[in-house]
Amino acid sequence: MAVDAVVLAAGLSSRVGTYKMALDIHGKSVIERCIEGMYDICENIIVVGGYKLENITTILAKYEKVHVVFNKDYELGMFSSVKEGIRHVKEEKFFFTPGDYPLVSIEVYETLLRASGEIIIPTYGDRNGHPILINSNYISGILEENIYSNLREFIVSKEVTKVEVNSNSILMDIDTIEDYEEILKSDIVEV
């Protein structure tokens, strides 16, 4: 089954205090680490940029499957980037993740692909994480229905399948500089 991915990388990184997508993790940027976990199993990886778009475009230029799209409304928040990204999905299903989850391995993606369901959420220790695998038949509902203010509201209104994975990487995002420092210490990172 062919699958795409939508990766959000449009935010201001205000809580980190520096542009987090370009932060280095043992020789590769945060956004590269995020992309590389899914690269071999996705047909297209749609990266939604906004703030510092030129940085993302330069960093990801060498990745043939990556298509950077611009969300002109990125300052309106994450849901505007979700909507921009899913407009470009072509395959039957797509992974959704913010770009600041740099440690998720291909094994996690493969585990989710083996599961059955319309919306599949990985869990670790009873906590939900990213990436989420979504059937593309939901795209029109997300785009057309103005009753949801974010993707989470849409997802909780639907039936979801939760899949336990054996990696806490699905919980490890970078919201603060302390999160980044913890990730640098992690033994999950492949150097």
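Lys 52 sits in the loop between β4 and α2 (53-60), and in this predicted model its backbone does something a little unusual to look at: phi is near 55°, a positive value in a residue other than glycine. With a relative accessible area of 33%, Lys 52 falls above the 20% limit for buried and below the 50% limit for exposed, so it counts as partly exposed. Asp 126 has a positive phi too, about 65°, and again the residue is not a glycine. Asp 126 belongs to the loop between β7 (119-124) and β8, and its relative accessibility of 76% is over the 50% mark, so it counts as exposed. One more backbone detail turns up at His 130 and Pro 131, which are joined by a cis peptide bond with omega about 10°. Pro 131 lies in the loop between β8 (127-128) and β9 (132-135).

Zooming out, the chain is built from 7 helices and 10 strands. For 191 residues, a compact globule would be expected to have a radius of gyration near 16 Å; the chain comes in at 15 Å, so the two agree. The C-alpha trace spans about 40 × 35 × 30 Å along its principal axes. Some 53% of the residues count as buried. As for how the chain is wired, take the contacts between residues at least 6 apart in sequence: 70% of these join residues at least 24 apart. On the outside, about 9,300 Å² is exposed, with carbon and sulfur atoms supplying 46% of that area. Charges come as 18 positive and 31 negative, and the mean positions of the two sets are 2 Å apart.

Helix α3 (78-86) is a good place to look at the packing. It is mostly covered, with 8 of its 9 residues buried; the buried set is Phe 79, Ser 80, Ser 81, Val 82, Lys 83, Glu 84, Gly 85 and Ile 86. These residues pack against strands β1 (3-9), β4 (45-49), β5 and β6 (93-98), and also against helices α5 (139-144) and α6 (151-156).

Just ahead of that helix, Asn 71 is found in the loop between β5 (66-70) and α3. Its relative accessible area is 2%, under the 20% cut-off, so Asn 71 is buried. The Asn 71 side chain makes a polar contact of 2.9 Å with the side chain of Ser 81. Beyond its neighbours within four places in sequence, Asn 71 is in contact with Ser 80, Ser 81 and Glu 84, and also with Val 48, Gly 49 and Gly 50.

Further along, the loop between β10 (161-164) and α7 (177-185) holds Ser 167. At 14% relative accessibility, Ser 167 stays under 20% and therefore counts as buried. Its side chain is joined to that of Ser 169 by a polar contact of 2.7 Å. Leaving out residues up to four places away in sequence, Ser 167 touches Val 108, Tyr 124 and Ile 188.

Asn 168 is in the loop between β10 and α7 as well. Here the relative accessibility is 32%, so Asn 168 counts as partly exposed. Outside its four-place neighbourhood in sequence, Asn 168 is in contact with Tyr 124 and Ile 188. Asn 168 and Tyr 101, 67 residues apart in sequence, lie 11 Å apart in space, C-alpha to C-alpha.

Key. Residues numbered from 1 in each chain as written. Predicted model: local features only at pLDDT ≥ 70, side-chain atom pairs only at ≥ 80, totals over all residues. Heavy atoms only, no water. Helix = DSSP H or I, 4+ residues; strand = E, 2+ residues; numbered from the N terminus. Rg over C-alpha atoms; globule rule 2.2 N^0.38 Å. Buried < 20%, exposed > 50% of the residue type's maximum accessible area, 1.4 Å probe, protein only. Contact = heavy atoms within 4.5 Å. Areas by Shrake-Rupley, 256 points an atom, 1.4 Å probe, with all protein chains shown as cover. Lys, Arg positive; Asp, Glu negative; His and termini not counted. Charge placed at Lys NZ, Arg CZ, Asp CG, Glu CD. Polar contact = N/O pair within 3.5 Å; in protein donor to acceptor, adjacent residues only side chain to side chain.
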